[in-house]
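Biologist: Please take one part of this model and describe it closely, moving from its surroundings to its centre. I should like the terms explained as they arise.

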Amino acid sequence: MTTIRQRRVGKGTEAAEDQPSEETNVKPDGKILSDRTGGKLWNILSITVGGIVAISLGLLTSVYVATLHENDLWFSNIKEVEREISFRTECGLYYSYYKQMIQAASIQQGLHGLVYDNKTESVRTINILERMNVYQEVFLSILYRILPIQQYLEPVYFYIYTLFGLQAVYVIALYVTSWLLSGTWLSGLLAACWYITNRVDTTRVEFTIPLRENWALPFFAVQIAAITYLLRTHLQPVQERLTLVAVFIATFLFSLTWQFNQFMMLIQALALFILDCLDMLPTAKVTWLYIIQISGLLLVCVLQFFNSMILGSLLISFNVSVLIARTIQKNLKKGGLLNRLGKLILHVLLVLCLTLLINKFIKKILNLESDEHIFKFLKAKFGFGATRDFDANLYLCEEAFGLLPLNTFSRLSSTLLFYAYGFVLFLLTAAAVIVAFRNLSTVCVISSISASNQVQLKGKMEEYTVTLKPDAAYSLVHTVLFGCLALSTMRMKYLWTSHMCVFASFGLCSTEVWKLILKCLHLYTSHRTQVIKYSVPIVTLLYISFKFWPGIMDELSELREFYDPDTVELMNWIKSNTPNTAVFAGSMQLLAGVKLCTGRTLTNHPHYEDKNLRERTKQIYQIYAKRSPGDVYGILRSFGTDYVILEDSICYERRHSRGCRLRDLLDVANGHIMDGLGENEPDLKPSLYPRFCEEIKKNLPSYTMHFTRVFQNKTFHVYKLAKHK
């Protein structure tokens, strides 16, 4: 329906050439009614078929990743402790709260245990619901308890099947977004196929199931689909209100399930801000989206017991600043080109200054320092000075927080995704520049001509906006900004690559894109545009099917098995040989598994969004630094530690290069020279003591008076701390 309206605003000669159907003006009324009825039936049939294909692809994707998970671990055959160990690092920590709720005597007792938790951080009582985004585990555990499925489905399967089911929602949302942008469900089919064939770069759900992003990204995709629909023109008031409700619900669920929601939505708010400044989106709808972001985040803040990190987020400060600045500068979109450019520059500076001032003010009042490690990391990452800060360097040295590897593009190119994406990105960026320039320069022209000619000029402007509709403009800026994020931080690539599938498929199936190309080549006809619009995606789908179908079948037939006997032995020993109240110290990643598998109390854990926890972790990690046994013992006992677990993989680490090994980060933070050949900063000095994790194994008296080895295998060494008076 949209494309028909867009063609009608064209020149009379083009309309006569491209739309011979306008001759229906001379047809009998009965024939017109028949054509309309046939068109409605065709639309209903198309929507029905497209909907069935969307649901089918979503379910197939869910089954696909579930099968890969089963084949990789033989999950159905391994022991319970092995299943839990497979939830590594922070995944195990999050799943432990689901297990805790399931095993609680009642729902009320389970909730009380989360609100007043004294086992996640020793000698401290913390509110898990405030500190972590685990409402999804709470909801799922309650659902499992009240549904009559306990006899048929184990809790762990209910959990992982829910996550795999969300993948179906994810794929359907991507499919619908592409369909809305292009006007054909063939585009959605191509987007879903690209998502599946590029699985390595679009999702990691099959091996990091409880990770927060696997809960959040499906809701983010639903939100983008709803925004895409909202930005369509000629929506009825009821449709617009319902769509706004859908956007709010999706935004709320996305915010509730991931602690990094505020940073993702800040990028989204920047996209809206840019497009609003360039007159490429309706201001009223943009305002509603700002308000929805703020209200959704504040509702999450209330549910998380007024989490100060949310109140001090840049997103809230930015959105409030935009709304204030818009109120101050009421004539922002009036005047000539140079006048408007000057106003825009002042507007941007005003918003930036207000954002920083409001954010600084909120953080000063709340004494907020929870997110300072993120800004230290960003400052060091982008070259604003070297740092010896342990937390910042811990992030900088992790591959996941480095630049996007170049081999990512070769994988994406093998499916033709990156080529199609680059092609569409170039065309729409050029169109966006032209449209933005025209929007900024035509306001003064319209105001200077007679009223009788304004209608014609506005009609021509509408014809130009066909090259970049509001929903397509949003999709363009969204993909550019999240692309920049992915290029700078590899872990965030999943936000970009999934939308890349949508954007590329939309472009290949877009009437506007092919119309623009053919007009530039002076080859445009309506029939030719339709032929190319459908033939190119069909050929692409055939290529993907023939090239990747055998590989997918081979992948599904490959069977492996979980194997980590050393960790299994450690967990079984802890459960059998230590009291339930024992407190364990060690690496963040390992301790998450200790909590899940044994229920013992921890000194530290991988959820790093708390300043006190970060300082505590740095102190605990002195077990891998060059410190005296007395110092290490005093630190551990100050946190109530009964047992400390040392890992050879950290003590003798080879995974990272010199300067990025954990022991190197600790040495630099402590002012000590690093081990091995290589340069050291001039002010670093040799330590007076050997490395603790190495020297303790020699059983020297200075160590045995504080530590007694009680367990050891090829990977782990467990020492019990003496309890001196």
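Modeller: Helices (H or I, at least four residues) and strands (E, at least two) are DSSP runs, numbered from the N terminus. The model is predicted, so local features need pLDDT of at least 70 and side-chain atom pairs pLDDT 80 or more, while totals for chains, interfaces and linings use all residues. Residues are numbered from 1 along each chain as its sequence is written, and side-chain values use heavy atoms, without hydrogens or water.

The part chosen is an open sheet of 5 strands, in the order S2-S1-S3-S5-S4 and with mixed pairing. Its edge strands are S2 and S4, each of which pairs on one side only. Two strands count as paired if DSSP finds at least two bridges between them.

At the S2 edge, strand S2 covers residues 601–602, and the loop from there to helix H30 (611–620) contains His607. His607 counts as buried because its relative accessibility is 1%; buried means under 20% relative accessible area, exposed over 50% and partly exposed in between, with a 1.4 Å probe and protein chains only. Leaving aside residues up to four places away in sequence, His607 touches Leu93, Tyr94, Arg131, Met132, Gln259 and Leu613, where contact means heavy atoms within 4.5 Å.

Further along the order S2-S1-S3-S5-S4, strand S5 stands between S3 and S4. Strand S5 spans residues 716–721 and is mostly covered, with 5 of its 6 residues buried.

Towards S3 (residues 643–647), S5 is joined by 5 bridges, and the two strands run antiparallel. Individual partners can be followed along this pairing. Glu647 has Phe716 of S5 as its bridge partner, and Tyr643 stands opposite Lys720 in S5.

Towards S4 (residues 707–712), S5 again pairs in the antiparallel sense, over 5 bridges. Here Phe711 of the chain stands opposite Val718 in S5. The connection is a hairpin: 3 residues lie between S4 and S5. Strand S4 is also an edge strand, with pairing on one side only.

To draw the picture together, S5 pairs antiparallel with S3 and antiparallel with S4. Phe716, Val718 and Lys720 are the S5 positions to trace on the structure. At the other edge strand, S2, the view leads into the loop that holds His607, a residue that is buried and touches, among others, Arg131 and Gln259.
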